[in-house]
Amino acid sequence: MAPRALTVCCDIVRWFPVVFISAIIVWSYYAYVVQMCIFTVPNIAEKVIYLLIYHPILVLFLWSYGKTIFTPVGSVPPQFYLSKTDAERIARESEEGQKAILINAAKELPVLNRTHSGSPRYCEKCRCIKPDRCHHCSVCGQCVLKMDHHCPWVNNCVGFSNYKYFVLFLGYGLLYCLYIAATSLQYFILFWKSGVSKEMGHFHILFLFFVAVMFGISLISLFGYHCYLTACNRSTLESFRAPIFQSGPDKNGFSLGNYNNFTEVFGVDKKSWFLPIFSSDSDGVSFPTRNNLQANSNNSYQTMGETPKPSAGDGVSYPTRTIDLDSDGLLADRQRWMEEGESDGGERPRMYGSHENGGYNMA
């Protein structure tokens, strides 16, 4: 019962950041709509304009936030899971035996990413071959398709199924803060110059401006960074550890050009780009790569009698990684030399780790 009670307590604690953000939003609504627009703004037309613009921004902000929180992260398709027999063999075999089993199991799967040793990436926790860009989240306890990171502010993994919602949440959150700061600035200056006041409404407006500016500054850098990642077709994990292909690591392996990268996340229907509804044409399992485009380009070159330029990583060999890099958080990498406990000296090390951000390890 103790482990179960501990799990329930941890699940409750993980909702604290979401409750905190929700409380800030509820208070900001009261401070802006009631204290500022209704009780402070003297002009009726100004009140109406402020409220007409404010509420659509708030709705889009809350809609995106809710979709980011409650959208399931998506599960690995059944065909990627090993049979019980193969999973048991993986635990007993040598490195070469493990590699042979995984290569044979993955031969019919759309898997391009590899470990440093050249074998398909395998998750011991889920007992599945990981699809491209998929990683195991130790907080969610499952493999997440195109995992970006686990975000405590939404109590959910950000990945293939909700990355668009997350980017929109950051964008509309920034717009929400900038709008509040811009429209409350004149009253902030007025109350600040007038000195100490006994009216609580003045304190609400002063504090509202400070909070809007503070959160706005934080969101500018975060939103800008994820716009950059979207334009590069790169996840946060991939920006710190490049995906490995048969030709070697390549941070830009999935980059198809800025527009194609954008539409892979937001879809081709322009009417749905800025709405938190799913619009991507991808399946979250297989992704077009830069090499596919280069191969088509090479065919064009050869037709014209020209010699194509080699891509980055061609002809380069990379050493086998011998340390399991286990991550419980976005940047909290730690070395884990074995799956559980201490070795008694006679246990043979195993080749593949469980939850990873890279998947090439030896435990």
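What follows walks through the fold, the nonpolar cores, the ring pairs and the charged contacts of a predicted model.

Start with the overall picture. The protein chain has 10 helices and 10 strands. It runs to 363 residues, and 47% of them count as buried. Its accessible surface adds up to about 18,900 Å², with carbon and sulfur atoms accounting for 63% of that. If we take contacts between residues at least 6 apart in sequence, 65% of them bring together residues at least 24 apart.

Now for the inside. The largest nonpolar core is built from 47 residues, and Tyr 32, Met 36 and Tyr 54 are the ones with the most contacts inside it. Helices α2 (16-38), α3 (44-70), α6 (163-194), α7 (200-232) and α9 are the elements that put in two or more residues each. Of these, α6 gives the largest share, at 16 residues. Tyr 54 is a good place to look around in this core: leaving aside residues up to four places away in sequence, Tyr 54 touches Ser 28, Tyr 29, Tyr 32, Val 33, Tyr 176, Tyr 179 and Ile 180. There is also a second core, separate from the one above, with 20 residues, among them Leu 102, Val 111, Cys 126 and Ile 129.

Aromatic rings turn up again and again. Across the whole structure, the search gives 21 aromatic pairs. One of them is Phe 188 with Phe 210, an edge-to-face pair with 5.3 Å between centres and 90 degrees between planes. This pair bridges distant parts of the chain, since Phe 188 belongs to helix α6 and Phe 210 to helix α7, with their positions 22 residues apart in sequence. The two rings are not covered alike: Phe 188 counts as buried because its relative accessibility is 11%, while Phe 210 is partly exposed at a relative accessible area of 43%. Another pair is Phe 245 with Phe 254, where the centres are also 5.3 Å apart but the planes meet at 55 degrees, so this one is classed as tilted. Both of its members are buried, with relative accessibility at 8% for Phe 245 and 1% for Phe 254. Ring pairs also string together a cluster made of Tyr 29, Tyr 32, Tyr 54, Phe 61, Tyr 65, Phe 166, Phe 169, Tyr 176 and Tyr 179. Tyr 32 and Tyr 54, already met as residues with the most contacts inside the largest core, are both part of that cluster.

Next come the charges. Side chains of opposite charge can pair when their charged atoms come close. In this model, five salt bridges are found over the whole structure. One is local: Arg 89 and Asp 86 meet with 3.5 Å from N to O. Both sit in helix α4 (residues 84-92), three residues apart, or about one turn of the helix. Arg 89 is partly exposed, as its relative accessible area is 32%.

Other bridges reach further along the chain. Arg 290 and Asp 250 form a salt bridge at 2.4 Å, N to O. Arg 290 is in helix α10 (residues 290-304) and Asp 250 is in the loop between β8 (248-249) and α9, so the bridge ties together parts 40 residues apart in sequence. Asp 250 counts as buried because its relative accessibility is 9%.

Arg 133 deserves a paragraph of its own. Its side chain makes a salt bridge with that of Glu 264, at 3.5 Å from N to O. Here the partners are 131 residues apart: Arg 133 comes from the loop between β2 (128-129) and β3 (135-137), and Glu 264 from helix α9 (residues 258-266). Both Arg 133 and Glu 264 are buried. Arg 133 also lies over the face of Phe 254, 4.3 Å from the ring centre. The ring of Phe 287 has the charged end of Arg 133 over it too, at 5.1 Å from its centre.

That leads to helix α9 itself. Besides Glu 264, the buried residues of α9 are Asn 261, Thr 263, Val 265 and Phe 266. Helices α6 and α7 are among the elements that cover them. Just past the end of α9, Gly 267 adopts a positive phi of about 85 degrees.

Definitions and conventions: Residues are numbered from 1 along each chain as its sequence is written. This is a predicted model: local features need pLDDT of at least 70, side-chain atom pairs count only at pLDDT 80 or more; totals for chains, interfaces and linings use all residues. Side-chain values use heavy atoms; hydrogens and water are left out. Helices (H or I, at least four residues) and strands (E, at least two) are DSSP runs, numbered from the N terminus. Buried means under 20% relative accessible area, exposed over 50%, partly exposed in between (1.4 Å probe, protein chains only). Contact means heavy atoms within 4.5 Å. Accessible areas come from the Shrake-Rupley method with a 1.4 Å probe; for residues, only the protein chains shown count as cover. A salt bridge is a side-chain nitrogen of Lys or Arg within 4 Å of a carboxyl oxygen of Asp or Glu. A nonpolar core is a set of buried Ala, Val, Leu, Ile, Met, Phe, Trp, Tyr and Cys residues joined through side-chain atoms within 4.5 Å. Rings of Phe, Tyr and Trp (its six-membered ring) pair if their centres lie within 6.5 Å; planes under 30 degrees apart count as stacked, over 60 as edge-to-face and the rest as tilted. A charge sits over a ring if NZ of Lys or CZ of Arg is within 6 Å of the ring centre and within 35 degrees of the ring normal.
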